[in-house]
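Student: I would like to go through this structure step by step, from the overall fold down to single residues. Please end each answer on the item I ask for.

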Amino acid sequence: MQDEEIHAGHCLCGAVTFRTRGRLREVVACHCSQCRRQSGLYYAATSIANDRLVVEGGEAITWYRASPSAERGFCKHCGSALFWRHDGEADTSIMAGAFDQPSGLKIAYHIFCADKGDFYEIDDGLPQSPQGRAGLKTAGD
Ligand SMILES: [Zn+2]
Ligand SMILES: [Zn+2]
């Protein structure tokens, strides 16, 4: 059997821990108003197939349905935003900042830039979409 990448992470208080097996998706930065309000800034999330994600302490996760088609999982003790999942999809988005460092992750592009907060600029030179992006499942789809 081939060696696979293993990544691990946890919420701020440690009640929720997770492990992923295999290659993680590039990180997408979402600047939509939901991500802005929940995080105070923006979401930066990777994603992995559900069968490659193991979560412990799942009873500490509150799933908040911010839109009809998706929900956001956060730790009910410390408030850390951890997961995002779209109904009917076989993968889960995971906040890049929750991973143990070094994560090996990189932001690839920005979405919903039209809704970003007015108190910062996106100036890393990466592609920016005003709304979502073709091929990427978001709550706006
Ligand atoms: Zn926590
Ligand atoms: Zn968003």
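Student: Which pattern of helices and strands does the protein chain follow along the sequence?
Tutor: This is a predicted model. The protein chain has 1 helix and 10 strands. Read from the start of the sequence, the order is β-β-β-α-β-β-β-β-β-β-β.

Student: Which residues does the UniProt annotation "domain: CENP-V/GFA" cover?
Tutor: The annotation comes from an unreviewed UniProt entry. Its span is 6% helix and 46% strand, with the end C-alpha atoms 30 Å apart. The record places the domain at residues 7-121.

Student: What radius of gyration does the protein chain have, and does it agree or disagree with a compact globule?
Tutor: The C-alpha trace spans about 40 × 35 × 30 Å along its principal axes. For 141 residues, a compact globule would have a radius of gyration near 14 Å, so the value for the protein chain agrees with one: 15 Å.

Student: Which strands stand at the edges of the sheet with 3 strands?
Tutor: This open sheet runs in the order β1-β2-β5, with antiparallel pairing. An edge strand has a single partner, so one side of it is left without a neighbour in the sheet; these strands are β1 (6-10) and β5 (53-56).

Student: In β5, which residue is the bridge partner of R19?
Tutor: Strand β2 covers residues 17-21 and pairs with β5 in the antiparallel sense, over 4 bridges. For R19, the partner in β5 is V54.

Student: Which strands stand at the edges of the sheet with 7 strands?
Tutor: The order in this open sheet is β6-β7-β8-β9-β4-β3-β10, and its pairing is mixed. From one strand to the next, the twist averages 30°. Two strands have a single partner each, so one side of each has no neighbour in the sheet: β6 (61-67) and β10 (107-111).

Student: In β10, which residue is the bridge partner of V28?
Tutor: β3 and β10 pair over 4 bridges, in the parallel sense. Within β10, V28 has as its bridge partner Y109.

Student: How many residues does the largest nonpolar core have?
Tutor: Nonpolar side chains tend to be buried together in soluble globular proteins. Here, V16, C30, Y43, A45, C75, L82 and M95 have the most contacts inside the largest core. At least two residues of this core come from each of β3, β4, β7, β8 and β9. The number of residues in the core is 29.

Student: Leaving aside neighbours within four places in sequence, which residues is Y43 in contact with?
Tutor: Y43 is among the residues with the most contacts inside the largest nonpolar core. Once neighbours within four places in sequence are set aside, its contacts are A29, C30, C35 and M95.

Student: Which residues does a cis peptide bond join?
Tutor: One residue of the pair, P102, lies in the loop between β9 and β10. Omega is about -5° for the bond, which joins Q101 and P102.

Student: Does F112 count as buried or exposed?
Tutor: F112 is in the segment after β10. It has a positive phi of about 55°, although it is not a glycine. A residue is buried if 20 or more other C-beta atoms lie within 10 Å of its own. F112 has 26 C-beta neighbours inside 10 Å, and therefore counts as buried.

Conventions:
Residues are numbered from 1 along each chain as its sequence is written. Chains are lettered from A and ligands numbered from 1 in the order in which they are written. This is a predicted model: local features need pLDDT of at least 70, side-chain atom pairs count only at pLDDT 80 or more; totals for chains, interfaces and linings use all residues. UniProt positions are given in the numbering used here, feature names are shortened, and annotations may be inferred rather than shown by experiment. The radius of gyration is taken over C-alpha atoms; the globule rule is 2.2 Å times the number of residues to the power 0.38. Two strands pair if DSSP finds at least two bridges between them. A nonpolar core is a set of buried Ala, Val, Leu, Ile, Met, Phe, Trp, Tyr and Cys residues joined through C-beta atoms within 7 Å. A residue is buried if 20 or more other C-beta atoms lie within 10 Å of its own, exposed if 12 or fewer, and partly exposed in between; C-beta atoms are placed from the backbone. Two residues are in contact if their C-beta atoms, placed from the backbone, lie within 7 Å. Axes are lines fitted to C-alpha atoms, for helices over the stretch in contact, and angles run from 0 to 180 degrees between N-to-C directions.
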